[in-house]
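Please open the structure in your viewer and keep the selection panel at hand. The stops below move from the overall fold to a ligand and then to one helix.

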Amino acid sequence: MADMPKTVGRYEIEREIGRGAMGVVYQGLDPEIGRPVAVKLIHLDLLGGSHRAEYLSRFRTEIQAAGRCQHPNIVATYDVGQHEGNPFFVMEFVVGSPLGQMLPSGGGGLGLAGAVNVILQLLDALGCAHDLGVIHRDIKPSNLLLTPLGRLKVMDFGISRLSDARATMTGMVLGTPMYMSPEQLRGGEVDARSDLFATGAVFHELLFGRPPFSAKSVEEAMVKLLYDELTLPPPTPEAPAPVLAVLAKALAKPPEARFPTAQTMAAALREALATPTANGATIAPPPQSTLAPLGDPALLETIERRLAERIGPMASILIRRARPGASSVGVLCERLAAEIDSAEERRHFLADVRGLISGKARPGSPGGPPSLPLDAAAITQIEAELARYMGPMAKVLVKRALPGATTVAELRERLAGNFEQPAERTAFLTHPPTVRPPS
Ligand SMILES: Nc1ncnc2c1ncn2[C@@H]1O[C@H](COP(=O)(O)OP(=O)(O)OP(=O)(O)O)[C@@H](O)[C@H]1O
Ligand SMILES: [Mg+2]
C-alpha cells in the first residue's frame with residue numbers, strides 16, 4: 001500500500017498502529033467531534049470489476065452488523081467510507097495491547113485469575129452479539145485488545161467473512177486457523193458455538209501459553225483441529241479440574257457437544273470457580289465490576305430510580321423489557337441508556353450507574369476498572385496530575401480526550417495514549433482512585 005495518507009475521509013491520520021491480512025489500521029482524529037479514532041483502510045488493489053462491487057456491498061452489510069453491537073467490551077464502530085476507491089471503517093480508538101502481546105515471552109499463561117477475567121468479558125461481549133444474530137467468526141488474540149486496566153475490547157466482528165470473500169476472489173491463502181472450529185475449517189455452517197470453540201482455544205492459550213492444537217504449519221494445525229483428540233494437561237491449582245472440564249466442553253469437535261450459548265458457558269465457568277477443590281479450598285471468584293450478574297435487587301431498584309428521574313414512570317417497563325438476555329448489570333444499563341433520547345442525559349445516566357456498579361465491586365479487586373462518574377472536580381484533578389508529566393499541554397490533551405468519555409477510568413485510559421514512557425503511563429493509570437460510597 002502507498003505511503004501513509006494525511007486524511008482518510010474527514011479523519012486526520014496521525015500514525016500507523018498495525019497491519020493485518022486485509023489492510024492497515026491508523027490512529028487518527030475526528031476533527032468534527034475532536035475525538036481519537038482508529039481507521040482501518042482495506043486494500044482492494046487485487047480486486048477488479050464485479051468482484052470489487054460485490055466486495056463493497058458485502059463490506060457495508062458486515063459493518064452494519066458490527067455497528068449494531070453496542071457493548072462495553074466491543075470496540076464501537078463509528079463510520080464507513082471510501083478512500084481512493086478502497087473501503088475504510090472508523091472505530092473507537094482503544095489504548096491497549098493485543099492479547100498475544102500480554103503473554104509472558106518465556107512461555108506460560110496469564111494465570112487463572114487473569115485468564116478468567118478475560119474470558120468472562122469475552123463471553124459477555126459474545127452473548128450480546130449472538131443475541132443480535134451477529135457471529136464474530138474470527139475470535140483470536142490479535143482481535144482482542146486488553147486495556148491497561150484489564151478491560152477487554154473485542155474487534156473485527158464479522159470482518160473475517162470479508163477476508164474469506166477476498167481470499168476466494170483472489171485465490172489468496174487464509175491466515176492461521178489455530179482458533180477456528182472444525183465446522184468453520186470445513187467451510188460448513190457457522191453459528192454462536194463456533195465462536196465458543198474459538199473462545200475455548202483462546203482460554204487454553206491464556207492458561208497454558210499455547211493454543212490447544214498448535215502446530216508448525218497451517219496444514220498440520222488443520223489436521224489436528226479436525227481429527228486429533230484434545231489432550232489437556234493434568235489439573236493444577238492454576239488449572240483446576242472443574243475449569244478444565246469447561247475448557248474441554250468448549251473445545252468439543254461436534255458443535256452440539258459444546259455450550260449452546262455464551263451465557264451458559266460463562267455460568268459454567270463461574271460455577272467451576274466456586275467448586276471446592278480436592279483440598280476443600282474454593283477458587284476466588286473473578287472481579288466483577290460491570291460484569292456483575294443481575295442478582296442484586298437493591299442495585300436494580302437504584303438503577304430504576306435513576307432512570308425514572310430521566311424518563312419518568314416508563315423506567316420500570318423498560319427495565320422489564322431490557323432484562324431478558326442481559327447477562328450483566330453493565331449490559332442491562334447499556335440497553336437502558338439506548339432508550340434515553342438526549343445524548344447528554346444518556347451520558348449522565350451511564351456515568352451514574354457505572355459509579356453505582358463500581359461502588360458495589362470489591363475494593364482493590366484487580367481487573368475491574370474503577371468507573372467513577374466524570375464530574376468537574378474529577379476532571380480538574382486528572383488535569384492537574386497530567387500536568388505533572390506534560391506541563392501546560394495537559395489542558396489541551398484533556399479537552400481533546402473528553403468528548404465521549406463518561407467515567408474517570410475512560411478518561412485516564414484515553415490520556416494514557418499520550419505517554420511515551422511505559423513507567424509513567426502505568427503510574428498515571430494506577431493513581432489510587434478515590435472510591436465514593438454507593439448512594
Ligand atoms: N480500534 C483499535 N484501537 C487500537 N488499536 C487497534 C484497533 N484496531 C486495530 N488495532 C491494532 O491494529 C493491529 C492490526 O489490526 P488488524 O485487524 O488489521 O490485524 P490482525 O487482527 O492482526 O489481522 P486480521 O487482518 O486477520 O484481522 C491490531 O493488532 C491492533 O493492535
Ligand atoms: Mg483484526
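Helices (H or I, at least four residues) and strands (E, at least two) are DSSP runs, numbered from the N terminus. This is a predicted model, in which local features need pLDDT of at least 70 and side-chain atom pairs count only at pLDDT 80 or more, whereas totals for chains, interfaces and linings use all residues. Residues are numbered from 1 along each chain as its sequence is written, and chains are lettered from A and ligands numbered from 1 in the order in which they are written.

Begin with the whole chain, which holds 17 helices and nine strands.

Next, select ligand 1 together with the 19 residues that surround it, the closest being Gly-18, Gly-20, Val-25, Ala-38 and Ser-142; a residue is taken as near if its C-beta atom, placed from the backbone, lies within 6 Å. Strand S2 (11–19) and strand S6 (86–92) are the elements that give two or more residues to this shell, and S2 provides the largest share, three residues. Now colour by domain, with bounds from an automatic or database domain assignment: domain 1 (7–92) and domain 2 (97–273) both give residues to the shell, so ligand 1 lies between them.

Move on to helix H9 (residues 262–274), whose 13 residues reach 19 Å from first C-alpha to last, close to the 18 Å expected at 1.5 Å a residue, that span being 1.5 Å times one less than the number of residues. To see what covers the buried residues of H9 (20 or more other C-beta atoms within 10 Å of their own, placed from the backbone), add helices including H3 (112–131), H6 (192–208) and H8 (241–250).

Conventions. Two residues are in contact if their C-beta atoms, placed from the backbone, lie within 7 Å.
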